[in-house]
Amino acid sequence: MSSRTRTRGAAGVHTVRIPRQRGRRSQPFLIVVPDRPSLTREAFGFLGRALWRFRSSLAPTGYALLALVITGLLHLLGWWSGLVLAPLAVAPAAWLGIMQRRRPARGSTLLWRIGLAFLAMLTSAWAALAAGFGPLAGPLPLVWLLGLIIAQSAWLIVRRTH
């Protein structure tokens, strides 16, 4: 390989050195030609841009992944952390009772409240069980996936109608 096309400097950047010119302006100069990005880099760039563009639409997915990681860490810290989270599973049912007593609802509002309370109870119970037994134990991954699908679908429906 000649010295004119040899790679110099940072990896992935080719520098071509043009020899000294004759005459008054005899200073050498460099031309830097960047490499073309790989197909893997292009794919990850496309995926990253798509995730950034639709980040508010994918909020339940982000929270579900965060919950999976946090319950895994809680399980590693101690099995008893599931016992601490267990009372939280009853809180949505109490909220539903209080809301129905203070502001009674009928029709679609009642259905949305029941659905929201059910989803909150499901996720709270899953978090307590996942912190106690591990997020990948038994049927917990399937329950996590079903909860994620339900939450993401409800989120997209609510965002379209309001």
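**Exercise 1. Trp79 and its contacts**

Task: In this predicted model, establish which residues Trp79 is in contact with, leaving aside its neighbours within four places in sequence.

Solution. Step 1: Locate the residue. Trp79 lies in the loop between H2 and helix H3 (81-85).
Step 2: List the partners. Beyond the sequence neighbours within four places, Trp79 is in contact with Ala131 and Gly132.
Step 3: Compare sequence and space. Trp79 and Ala131 stand 52 residues apart in sequence, while their C-alpha atoms are 6.6 Å apart.
Step 4: Classify the exposure. The relative accessibility of Trp79 is 59%, and exposed means over 50%, so Trp79 counts as exposed.
Step 5: View the contact from the other side. With neighbours within four places set aside, the contacts of Ala131 include Trp79, Thr71, Leu74, His75 and Leu85.

**Exercise 2. The overall layout**

Task: Determine how many helices and strands the protein has, and what pattern they follow along the sequence.

Solution. Step 1: Count the elements. The protein has six helices and two strands.
Step 2: Put them in order. Along the sequence the pattern reads β-β-α-α-α-α-α-α.
Step 3: Consider burial. Of the 162 residues in the protein, 19% are buried.
Step 4: Consider the contacts. Among contacts with a separation of 6 or more, 53% join residues 24 or more positions apart.

**Exercise 3. Two helices and their spans**

Task: Find how far apart the end C-alpha atoms of helix H1 (residues 39-53) are, and how far H5 reaches from its first C-alpha to its last.

Solution. Step 1: Take H1. Its 15 residues should span 21 Å at 1.5 Å a residue, and because the end C-alpha atoms are 21 Å apart, the two values agree.
Step 2: Examine the cover of H1. The count of buried residues in this helix is zero, and H1 is hardly covered.
Step 3: Take H5. This helix of 26 residues reaches 37 Å, close to the expected 38 Å.
Step 4: Examine burial in H5. Its buried residues include Arg113, Ser124, Trp126 and Ala131.
Step 5: Look past the end of the helix. Just after H5, Gly134 takes a positive phi of about 105°.

**Exercise 4. The largest nonpolar core**

Task: Identify which residues form the largest nonpolar core and which helix supplies the largest share.

Solution. Step 1: List the members. The core has 10 residues: Ala64, Leu85, Trp126, Ala127, Ala128, Ala130, Ala131, Leu140, Trp144 and Leu148.
Step 2: Assign them to helices. H5 and helix H6 (140-161) each contribute at least two residues to this core.
Step 3: Find the largest share. H5 provides it, with five residues.
Step 4: Set this beside a general tendency. In soluble globular proteins, nonpolar side chains tend to be buried together.

**Exercise 5. Arg113, a charged residue in H5**

Task: State how far away the nearest side chain of opposite charge is from Arg113, and which backbone oxygen the side chain of Arg113 reaches.

Solution. Step 1: Place the residue. Arg113 belongs to helix H5 (residues 108-133).
Step 2: Look for an opposite charge. Arg113 is buried but has no salt bridge, and the nearest candidate, Glu42, is 48 Å away.
Step 3: Apply the cut-off. A salt bridge requires the charged atoms to be within 4 Å.
Step 4: Find the polar partner. The side chain of Arg113 reaches the backbone oxygen of Arg103 at 2.8 Å.
Step 5: Complete the surroundings. Residues up to four places away not being counted, Arg113 touches Trp95, Leu96, Met99, Gln100, Arg103, Pro104 and Ala105.

**Exercise 6. Ser124 and Val143**

Task: Decide whether Ser124 is buried or exposed, and name the residues that Val143 touches, not counting those up to four places away in sequence.

Solution. Step 1: Begin with Ser124, a residue of helix H5. Its relative accessibility is 18%, and therefore Ser124 counts as buried, the limit being under 20%.
Step 2: Describe its partners. The side chain of Ser124 reaches the backbone oxygen of Ala120 at 2.8 Å. Apart from neighbours within four places, Ser124 is in contact with Leu88, Ala89 and Pro92.
Step 3: Turn to Val143, which is found in helix H6. Val143 is partly exposed, with a relative accessible area of 28%.
Step 4: Name its partners. Outside the range of four places, Val143 touches Leu122 and Trp126.
Step 5: Add a distance. Val143 and Thr123 are 20 residues apart along the chain, and 8.8 Å separates their C-alpha atoms.

Terms used. Residues numbered from 1 in each chain as written. Predicted model: local features only at pLDDT ≥ 70, side-chain atom pairs only at ≥ 80, totals over all residues. Heavy atoms only, no water. Helix = DSSP H or I, 4+ residues; strand = E, 2+ residues; numbered from the N terminus. Buried < 20%, exposed > 50% of the residue type's maximum accessible area, 1.4 Å probe, protein only. Lys, Arg positive; Asp, Glu negative; His and termini not counted. Polar contact = N/O pair within 3.5 Å; in protein donor to acceptor, adjacent residues only side chain to side chain. Contact = heavy atoms within 4.5 Å. Expected span 1.5 Å × (residues − 1). Core = buried A, V, L, I, M, F, W, Y, C linked by side-chain atoms within 4.5 Å.
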